[in-house]
Amino acid sequence: MNDRLHQAFAAVEAEQELKEKTRQAIARRTKGYKAKPRSAGWAVAAVCSLLLLVLGGAGGKLFFTPVSAISVDINPSLELNVNCFDRVISVEGYNEDGQALAQELNLVFAKYPQALSALVSHELVQACLKDGKDLSVYVACDDPQRGREMLGQVKACVGKGRNVNCHAGNLAQSHSAHSVGLSCGKYHAFLELQGLDATFTVEEAREMTVREILQRIEEISGKPATANGHGHGKGHGGKHGMQRE
């Protein structure tokens, strides 16, 4: 835990809002006493001290508790677990490329928009996009409003394109996906195909890319399966709790 807290302090920015909260907390404790202006180093030390108090108690559990997840599938398949402060607290790879990419990129404790931008701009992901492979990004969150906000941020990070697919759903599907060793995005595609072909197995899905699963759906249904989803709809209450954008 000490190592994790040390890394958290190194990654957390001294943002203006946090500085103000620190100032207010100190004012309450000193009953409004005002000292002479001090150096910027003192302000940073005060912020870190307050973080230590928060993370050292119940806040530590809160900081390291995921409340949402973002899965990214193209060839690398991996998932970012995000806490209530919008920080990435862990990265899980779901295939060899995803595991290698998770180890290479230092995404833990970064805010998820910056982490996602770094991930999408990586040369491996860019090479996949140039080859015409589909990028599937899935946001899992049980809070509808937060989920919509995250989906908007995700779309801004990955950009638009015929081979870019952003959608959202709840954490229940995320847990189900993890239980069978799939990312949320690939699990959604798996459910779509299994609904058309009951013999399709999780083991087969693990060996296929999302694009390959979509192609199988197209072959069976006789309808175009695009990277923008297999139909259109909004809201968290659709099939499998999905929201497509």
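**Close-ups of a predicted model**

**View 1. Helices α9 and α10 pack at an angle of about 90°, with their axes 9 Å apart.** That makes α9 and α10 roughly perpendicular to each other. On the α9 side, the contact is made by Q173, S174, S176, A177 and H178. Their partners in α10 are C184, Y187, H188 and L191. Keep in mind for this and every other view that the model is predicted. For the wider setting, the protein chain has twelve helices and six strands, and of its 245 residues 42% count as buried.

**View 2. G181 sits in the loop between α9 (171-179) and α10.** Buried or exposed, or something in between: how does G181 come out? At 29% relative accessibility, this glycine counts as partly exposed. Once neighbours within four places in sequence are set aside, G181 is in contact with Y94 and R206. A205 makes a handy distance marker here: its C-alpha atom and that of G181 are separated by 10.0 Å, with the two residues 24 apart along the chain. If you're after the chain-wide picture, take contacts between residues at least 6 apart in sequence: 57% of them join residues at least 24 apart.

**View 3. Helix α10 (residues 184-196) also packs with α12, this time at an angle of about 20°.** The axes of α10 and α12 are 9 Å apart. Given that angle, α10 and α12 are roughly parallel to each other, and α10 passes α12 in a left-handed crossing. Which residues meet here? From α10 come K186, A189, F190, E192, L193 and L196. Facing them in α12 are V210, I213, R216, I217, I220 and S221.

**View 4. D134 and R211 join their side chains in a salt bridge, 2.6 Å from N to O.** D134 belongs to the loop between α7 (123-130) and β4 (135-141), while R211 belongs to helix α12 (residues 210-221), so this pair ties together parts that are 77 residues apart in sequence. The acid is tucked away: at 7% relative accessibility, D134 counts as buried.

**View 5. D86 and R146 make another salt bridge, with 2.9 Å from N to O.** What does this pair tie together? D86 is in the loop between β2 (77-82) and β3 (88-93) and R146 is in helix α8 (residues 144-158), so the bridge links parts that are 60 residues apart in sequence. The two ends fall into separate accessibility classes: D86 is partly exposed, with a relative accessible area of 25%, whereas R146 is buried at 17%. The backbone of D86 deserves a look too, with a positive phi near 70° in a residue other than glycine.

**View 6. E203 forms a salt bridge with R206, and here the closest N and O atoms are 4.0 Å apart.** Both residues lie in helix α11 (residues 202-206), three residues apart, about one turn of the helix. R206 counts as partly exposed, at 39% relative accessibility. You've met R206 already, as a contact of G181 in View 2. How many salt bridges does the count give? The total comes to three.

**View 7. F109 has a positive phi of about 80° although it is not a glycine.** As background, most residues other than glycine have a negative phi. F109 is found in the loop between α5 (96-104) and α6 (112-120). At 5% relative accessibility, F109 counts as buried. Compare D86 from View 5, which also has a positive phi, near 70°, but counts as partly exposed at 25% relative accessibility.

**View 8. The sulfur of C157 has its closest cysteine sulfur in C166, 9.4 Å away.** Why is there no bond between C157 and C166? That separation is too far for one, since a disulfide needs the two sulfur atoms within 2.5 Å. Searching the whole structure turns up zero disulfides. Another cysteine, C84, is partly exposed, with a relative accessible area of 31%. C184 is a cysteine you've seen before, among the α10 residues in contact with α9 in View 1.

Definitions and conventions. Residues are numbered from 1 along each chain as its sequence is written. Side-chain values use heavy atoms; hydrogens and water are left out. Helices (H or I, at least four residues) and strands (E, at least two) are DSSP runs, numbered from the N terminus. Buried means under 20% relative accessible area, exposed over 50%, partly exposed in between (1.4 Å probe, protein chains only). Axes are lines fitted to C-alpha atoms, for helices over the stretch in contact, and angles run from 0 to 180 degrees between N-to-C directions. Angles under 35 degrees count as roughly parallel, over 145 as roughly antiparallel, 65 to 115 as roughly perpendicular and the rest as oblique. A crossing is left-handed if the near helix is turned anticlockwise from the far one by less than a right angle, and right-handed if clockwise. Contact means heavy atoms within 4.5 Å.
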